[in-house]
Structures are given as structure tokens and as C-alpha cells.
Amino acid sequence: MSGGSRMLLSEKHPMATERYNPRASEPKWQKAWDARKLFEADNDDPRPKYYVLEMFPYPSGRIHIGHTRNYTMGDVVARYKRAKGFNVLHPMGWDAFGMPAENAAMQNKVHPKDWTYQNIAAMREQLKVMGLSLDWTREFATCDVDYYHRQQMLFLDFVEKGLVTRKSSKVNWDPEDMTVLANEQVIDGRGWRSGALVEQRELTQWFFKISDYAQDLLDSLDQLDDWPEKVKLMQANWIGRSEGLLIRWPLAKPVAGEHELEVYTTRPDTIFGASFMAIAADHPLAKKATEDNPALAKFIDEVRHMGTSVAALETAEKKGFDTGIRVVHPFDEKWTLPVYVANFVLMDYGTGAIFGCPSGDQRDLDFANKYGLPVIPVVMPEGENQGSFQIIDEAYVGDGVMINSRFLDGMKPDQAFDEVAKLLEQKTIGNRPMAERKVNFRLRDWGISRQRYWGCPIPMIHCEDCGVVPVPKADLPVRLPDDIEFDRPGNPLDRHPTWRHVKCPRCGKDARRETDTMDTFVDSSWYFARFTAPWANDPTDPKAATEWLPVDQYIGGIEHAILHLLYSRFFTRAMRETGHVDLAEPFRGLFTQGMVVHETYRVGGASNGRWLAPSEVRLEDADGKRRAFEIATGEEAVIGPLEKMSKSKKNTVSPEEITDGYGADTARWFMLSDSPPERDVEWTDEGAAGAHRFIQRIWRLVSTAAESLAGVRPEKAKDGEAGTVSKAAHKILKSVGEDIEKLAFNRAIARIYELANALTVPLNEAAEGKAGPALQAACREAVEILVHLIAPVMPHLAEECWQTLGGTDLVAERPWPDYDPSLVVDAEIVLPVQVNGKKRGDLTIARDADQGAVEKAVLALDFVQKALEGKAPRKVIIVPQRIVNVVA
RNA sequence: GCGGACGUGGCGGAAUUGGUAGACGCAAGGGACUUAAAAUCCCUCGAUCUCUGAUCGUACGGGUUCGAUUCCCGUCGUCCGCACCA
């Protein structure tokens, strides 16, 4: 088809059609879907199930454009799977507990509950505008009494199964706000809100015993085939398994009744390179040693007050203090080593004590050099000369041969590891072996206590006589009181006049309610299970949970790669132990989508100027250089890099700005075009306008041809122009389906553009009455395919087109069309022909031609003969149906 | 410091995982229609040259191969995660 005829055909349209008006159409179709309850999932539907879920939002006030990208992806999958005949569950809810509601309460004198539910109402309306195929009958918020009631039931079940413990732990304490702070909330050693110097405090808190599952959580990562490798790796690192040896070193002289020092090491092979021991400031031995050593007590105090922030740790100098205590080397009674208290040893990893081997660890080497301790090289790279090999200021951590290590000399380090383990396991100290093999994990138990109001109350009661007593299940829920005051910092539950006073359920005496509430990560660790039967009296309906779970496709941000996903994996295991579900892994497929980013604008300097919103800026393009000007003042603004949309940088675009003008379909289409879904997408006005242009183009194409195609029976063709139309439609139908299955939305969209391009001329021919019956029938079939292909991404436009084509049902309830396999392969193929690996031309030949025929035809090509200069080719490589390479 | 990912036109990105590099879109330029504009439609669009064709070209340098954006080694750069973990 030449360009010339194309221009002729599209010169004039026989019927001028009106522009598609999304503002009128979109609400109309949303009502039509609602009326037919198309998106409500039935737990008794016998068809195969498909559960697609996007991470539910925190009700901050407004839906962000990033949310809409996330939910659009899920919606495309949901609509596609529905069309493929699955019983689809696609629910939505609200992660509604948390600090911002309390901050709003303090700043604006609004009750956290009112603030939260108002936000939910506003955001629900915003979501509805997007035309998402959600089952709103299952909606809940985690702050609903109904939900946290069940969470309290779960908590009690976990307590009963021994999955919960209470222990003392160090926390960041903000003395002004009188609250515990997460590490992320401590900035330069100060509370992020109050600015007060943060203290380390010991508090007794509730913990979930996630560390009991460390090995299982690590091992099971291997089975999560549909998870991104990156996320699995991040979780594996977070769990942080290491294999080592627990060594009990005898003390040279007992200290306050202690006879040994337990040390954990992953390098027992370097035991002859040891030159000192280092223990944490909080180590029991350190505490005992201070009794007659005020200078040591002072040092320990200093270490404790050192910041724990990342920045403080990074820059902190390695410091130690010799306690005067000495230990005896396990292999040499005459060899004793000093014990230091050191600021770089952590009490909560391993045993809180290490042996320092300066030649094999950079930190130990720095320490040894600072305090004049011996440095004995014990591992030497293979082939090095032992006489000249020495360690000065760079430790050697690689593989090699053991030296200076008596009976270990000449071994490889891993042999030496085994040898040391074997010998020390046989020796005894006290009544125990001197060493034991031990696996250590970085993962700690999950502390869930929060000294806050807006969270799920922990259903426990403290009684002076009975100790900690669970609230009887019949007394649940423990409701949050509504009459609270935020006029002072601290936990309002703690100072409520009556709430905390209860009778002990066991002995009936006056007792005290637990006033801590649960970490909000608890709320989000099981909501996906609750969605399967949100009306159930128990936390789950095990039958429904069994049928729906696991979530087939979970979609959300990479920022939840570790905590939320790890906690949910733990929770599912805990819920299995307590009989609420019967599986271990909640999410079969995981997808982490990229952010929506936008360039930034600043007037008055690139580093300290005033930020401008995109709507306050006029862009100019001159001589290939883009420049930005503030509309109000005309002042030139600096165009900054692409950044995540944030209020502070004002580079935000609200979903309404697009839906009000262009409609939801444009926003949906644009956000999935171009950029692969796992990568960031740049929001540009041109891109949005381009997406809208395509919507209008589809509408024009379909509506213009609709009249002439009315009543035409769809029929695919194999030959001629009609065959070309059918082949294009079926090929693209096939690949769009495959792309959506792989969540490659950008590629699916590119294919749909191709189909629209391929159909433009034939559809205009049909519209002008220039198409014969075969072409008309093929066009009718192809345009129906097109409408079904756009439906997952642009569902409203698809309905409008379908109606125009005479459809009496809704595309949303229609099945996905099947492609004809015979139309997606061509009888004749074009084989690229290379000479010496460079393409020189093409060969058109029957698809099923055998290798001999292909070779003969290739050698007959004139450009091949020319290249061969009459000689026989050295080799002809034929990759069937791919390529031919002639080696001259 | 440890671990990982990535690097393709002016831009976002394709390329069936070793087989035609640049699909599709955006931007740009030229043209048609129009009194004009918008809208729409058509054409061009990696670089260079001796321009109806050829050479080069997927961050850079090497290697394996008939053939490399894809695999291997090294260099440079960007991004991400963890971080005093013994």
C-alpha cells in the first residue's frame, strides 16, 4: 500500500463524527458495570480463581498519581483475566492506622478517626473516577473495629501457640514527645518531630518470634519463581544467615563468678591470629568488670551515649578500653589475651563478644594498630612467599594457605575451620564442649509495641498477682476510646482517666490494660487474607482463604521489598500454625512497579531557589534547548532533574488534572505506555496529550467505519487485502495476550498502535464503501479484536466503541477473543541473508522449505554470487526460519 | 566496605534471550487541507561520506563465535539495597 493512495483515501470522511467525550462517557459506563455487579467476586463461583491485588493505600488525603499507575496495572490484569474466563478477586481497602492521623490531630485539632474516614471517603471517590474493576463490597479499613477485632483474635491465637514473647529491648526514646522512635525517625541523633536529643532506653515490649522462621523464610525464597530476583536477594541479605563457631574461652582468673567468655566467629580458622578479645559495652562481663574500675565505667557510659544513627556509626572512631581481664587460648594454656570493651561490638548480634584477628579483618587491624596489639598473618595468598608476606595496614580476607598456625599450617582455610571445630568440640569447659557449630541470623524478632493511640490495641492485661493475662476472646474487641486528648505529647491511652483500669480476667482484682498498640505493619500483614471473606466472624473463613490464596499477582512499590513482604510471609506461616490458612507463601507472583517522576522547576537558583509547580511554568523550546519561565513573573526557572513527585518540590501532578481534562482512559493509557512498568515513568504533558490523541484516533477509526460495518458478519480471511487485515489482527491479538501475561504493558500498547496503523486504510476503505464483502467481513472481525484489545487499558472507550458497532452487551463481560494459529504464521517468509555476518539482502521463500532448497535459493541470489566471485562458499549456515549466513 | 542492577537515536524505549539494531510512542523538520488557526492526513528523522550506494554505529578496550545490544575478561559511569553482623 503506497503512501499516495493512503492520502487519497483519508482526504475526506463520508460521515464526520464527533469527538469522543470522556467526561460524558466514563461515568455512564461505570454505572453500567456497577448495575450488573460485574466486578463482585463470588466465593462459590466454580471457575478457576485469580486473585490480583495492589498494595492498599494509606489514606493520607489524596490519591497520588503513583497510586493510579499501580492500580491501573492491577486493573489491566484483572480485566484481562476476567475476559480469559477466570473468577477474579480484585479488592481494595485502606491501611488506615498510623502516625499521620495523630499528627493531624495535634496540629489541626481533628480526631484521628474523623480525619482518617474523611480521607478515605475523598480517596474512594477519586479511585472511582479511574474506572477500576474493583469489588467494592469487600472494602474495609484496618482501623475498622471489625478488622482490628479479628487482628486481636489472631494475636491471642499467636500467644497461645508461643509465637509472641515479651522482652526488654533498647529503643530510641524521644524525651520530649515521650515516645519510641523508629531508626528512620532519628535524624542526626534527634527526634524528627521534636528535635530533642534521642536517648537509648530499655523498654519491655511485645515481639513476634519471626526469627524462629529465619531458616524457612530464607529457604522458601527459592520457590518464589514469580518474584523479582532483586527482592529475593534483598530479603536473603536482610535475613543474613552465617555459619560459624561458638567458642568458649576460659578466663585466666574468674571474674565475679564468671569462668568463660563466649564468642561467635565465622573464621575459627584464624584462631592462631587472635590477639585480643572485644566485648560490647552492654556485655555482662563488662558490667561486672566496672565494679572496681571507675575509668572503665566512664568509658562504657560514653559508648552508650554515642549516637546509633547511621551517620554517627559511619564516622565513629574505633575505640576500646582494656578491662584487665585475660582469657586463655584454647590451644595453648600459656597463651593469654587481653579483653577490651569496644564501641564497635554489637550486643545483639552473636554473643556480643568477638576475638580479634587483625591480619584477617580490617576493623580488627585498625584496632590492633591503634592499641599496639600483635598482628600475626595466618592466611597467605597461594604462591606468596611466607618469608616476605606481611600485613601492615591492609588485612587479607581472601582464600589461601594457613601459616603461623601450628598444626593448621598448609591447610586451606575451610579445612582449618573444620579441624578447629572438630578439636574444640571434643574439649570441654565446665560441663560443656569448648566449641559448637552455630548458625547465626541477622534477622531479629519483630518488635510490635508502639506507644501510640491510633493503632490496634494489644489485648493483654497486667495483673499484680497473675502477671500478664490475655483478654478473654469473649471480651474482644478491646476498642480504642473515642474521648481522648492530644494536648500533650505521649500516649493518650496511658493518661485516659478510665480506659486502662480493668479487672483481672483471672483473679478479678484491679488490673491495668496494656496501653501499647501494634505496629501498623501488623495490620498490613494479613489484609490480603481478610479480603477472601471480610464478613467472617473469625479472622478468616478457612475455606474461602484456601480457595483464593495465594494472591496470584501482587503489585506494589519496591520500598516494601523487605519489611512488609517479609512480615506478611511470616504472618502467613503463623496463621497456618493457628489454623486460619493452609499455606506458607501468601504471594505467588510479585511485581514491583516504578514511580511516576517529573522534572522540577526552580526560580532564583538551582540549589536554593523557590520551587514552582508544573502549572506555574511555561516551557519554551528554542534551538533544541528547553527553557522554563514562571508564568506570573516571566522569570526564567532552572529545569531540574526527574524526581519522585513530592509536595516539597512541587513537581506533582494530581490525577484530577488529567481526568478532568482528558478522562481516566487517557491517564491509564499514558501511564502504561513507553516505560516498562518496573521502571520510573516521566510524566509529561506531551505524553498525556499524545495518549489522548490516540483515544480520539481510535474513536474516529471505529465510529467512521461503524455504519458500513453494521450487520456485517465478522469473518477472517486468508488471502488478499482481507487476509492481510486478518493476519495483522490475529498476530497482534496473540502478542498482546502474551505481553499482558508478562505484565509487559508497554509492549502490549506498542502492538495495539501497530494494529491501529494497519487498520487505518482498510477501515477507511470500508467506510467509503470501497471494500468488497471479504474485506468488509475481515474489517469487522479485526475492529472487534481491536476493541477487545484496548479494553483492559481503556475500558470506557472500548464500551463506547462496542456500542457504536452495535454491541448490545458490555465488553467488560465478554470473553477475550481467540487467535487463529493458522493466521499467525505466514506461508512465505522473508529470510535475511548475510554474507560473512553482514546483512546483504533478503530471500523470500516458503516457510516450510527444506534446508537444501533454502541453500540453493540463497546461492542463486545475485548479491551472493557477486560476493562469492565464482568461488564455492566455505560454509552456509541456515537457522531455520531465522537467518542465513554465507561464509565466503 | 559488602551485595546487586543497569549503560541502545534529540527523548521514553523495542529486539522472540546468540540471528535483519532502533518496533511503537514523544519531540523536531518539511508538505497537504484552511482566509487563518486548531484538528486531521502525508513524508523525513542514528552518524559520516565521493549520497540510486557504501562505511561506521548498542558507554569504552579486548576475547569467544559463521554471526555479539545479548556470552566472557578488564576499564569508566549511573542507580539501588545492606552496612561496625564478627
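**Exercise 1. Determine how the lining of the second largest cavity divides among nonpolar, polar and charged residues, and where that lining comes from.**

*Solution.* By class, 9 nonpolar, 1 polar and 4 charged residues line the second largest cavity. Here Ala, Val, Leu, Ile, Met, Phe, Trp, Tyr, Cys and Pro count as nonpolar, Asp, Glu, Lys and Arg as charged, and the others, Gly among them, as polar.

The structure is a predicted model, in which local features need pLDDT of at least 70, side-chain atom pairs count only at pLDDT 80 or more, and totals for chains, interfaces and linings use all residues. Residues are numbered from 1 along each chain as its sequence is written, chains are lettered from A and ligands numbered from 1 in the order in which they are written, and side-chain values use heavy atoms, with hydrogens and water left out.

Step 1. A cavity is a set of points, on a 1 Å grid over the protein atoms alone, where a 1.4 Å probe fits but cannot get out; lining residues have an atom within 4 Å of a point. Grid points are joined across faces, edges and corners, and a volume is the space filled by probe spheres set on the points. The count comes to 3 cavities of 30 Å³ or more.

Step 2. The volume of the second largest cavity is about 140 Å³. Of its 14 lining residues, Arg79, Ala83, Ala791, Val811 and Ala812 are the closest to the centre.

Step 3. At least two lining residues come from each of helix 3 (65–83) and helix 24 (795–804). Helix 3 gives the most, with 3 residues. Helices (H or I, at least four residues) and strands (E, at least two) are DSSP runs, numbered from the N terminus.

**Exercise 2. Establish the strand order of the open sheet that contains strand 34 and strand 35, and describe the pairing.**

*Solution.* Step 1. The open sheet has 4 strands in the order 35-34-37-36, with mixed pairing. Strand 35 (838–846) and strand 36 (875–879) stand at the edges; each has a single partner strand, so one side of each is left without a neighbour in the sheet. From one strand to the next, the twist averages 20°.

Step 2. Two strands pair if DSSP finds at least two bridges between them. Strand 34 and strand 35 run antiparallel and are joined by 8 bridges; Val833 stands opposite Gly841 in strand 35.

Step 3. Strand 34 (residues 828–835) pairs with strand 37 (residues 883–887) in the parallel sense, over 3 bridges. In strand 37, Asn885 is the bridge partner of Gln834, and Val886 is that of Val835.

Step 4. Helix 25 (residues 851–860) lies across strand 34, strand 35, strand 36 and strand 37, at about 130° to strand 35. Axes are lines fitted to C-alpha atoms, for helices over the stretch in contact, and angles run from 0 to 180 degrees between N-to-C directions.

**Exercise 3. Identify the backbone features at Asn836, Lys650, Pro477 and Pro550.**

*Solution.* Step 1. Most residues other than glycine have a negative phi, and most peptide bonds are trans.

Step 2. Asn836 has a positive phi of about 55°. This residue is in the turn of the hairpin formed by strand 34 and strand 35, with 2 residues between the strands. Asn836 is partly exposed because its relative accessibility is 47%; buried means under 20% relative accessible area, exposed over 50%, and partly exposed in between (1.4 Å probe, protein chains only).

Step 3. Lys650 has a positive phi near 60° and is found in the loop between strand 32 (636–644) and helix 18 (655–659). With 32% relative accessibility, Lys650 also counts as partly exposed.

Step 4. The peptide bond from Leu476 to Pro477 is cis, with omega near 0°; Pro477 lies in the loop between strand 22 (467–470) and strand 23 (501–503). The bond from Leu549 to Pro550 is likewise cis, and Pro550 is in the loop between helix 16 (542–548) and strand 26 (553–557).

**Exercise 4. Decide whether Ser169 and Asn746 are buried or exposed, and list their contacts.**

*Solution.* Step 1. Ser169, in strand 3 (residues 164–174), is buried, at a relative accessible area of 17%. Contact means heavy atoms within 4.5 Å. Not counting residues up to four places away in sequence, Ser169 touches Arg201, Glu202, Leu203, Gln205 and Phe207.

Step 2. Asn746, in helix 22 (residues 745–767), counts as buried at 17% relative accessibility. With the exclusion of residues up to four places away in sequence, Asn746 touches Leu672, Ser673, Asp674, Ser675, Pro676 and Pro677.

Terms used
1 Å grid on protein atoms, 1.4 Å probe; cavity = no way out; pocket = protein on both sides within 12 Å on 5 of 7 lines; lining within 4 Å.
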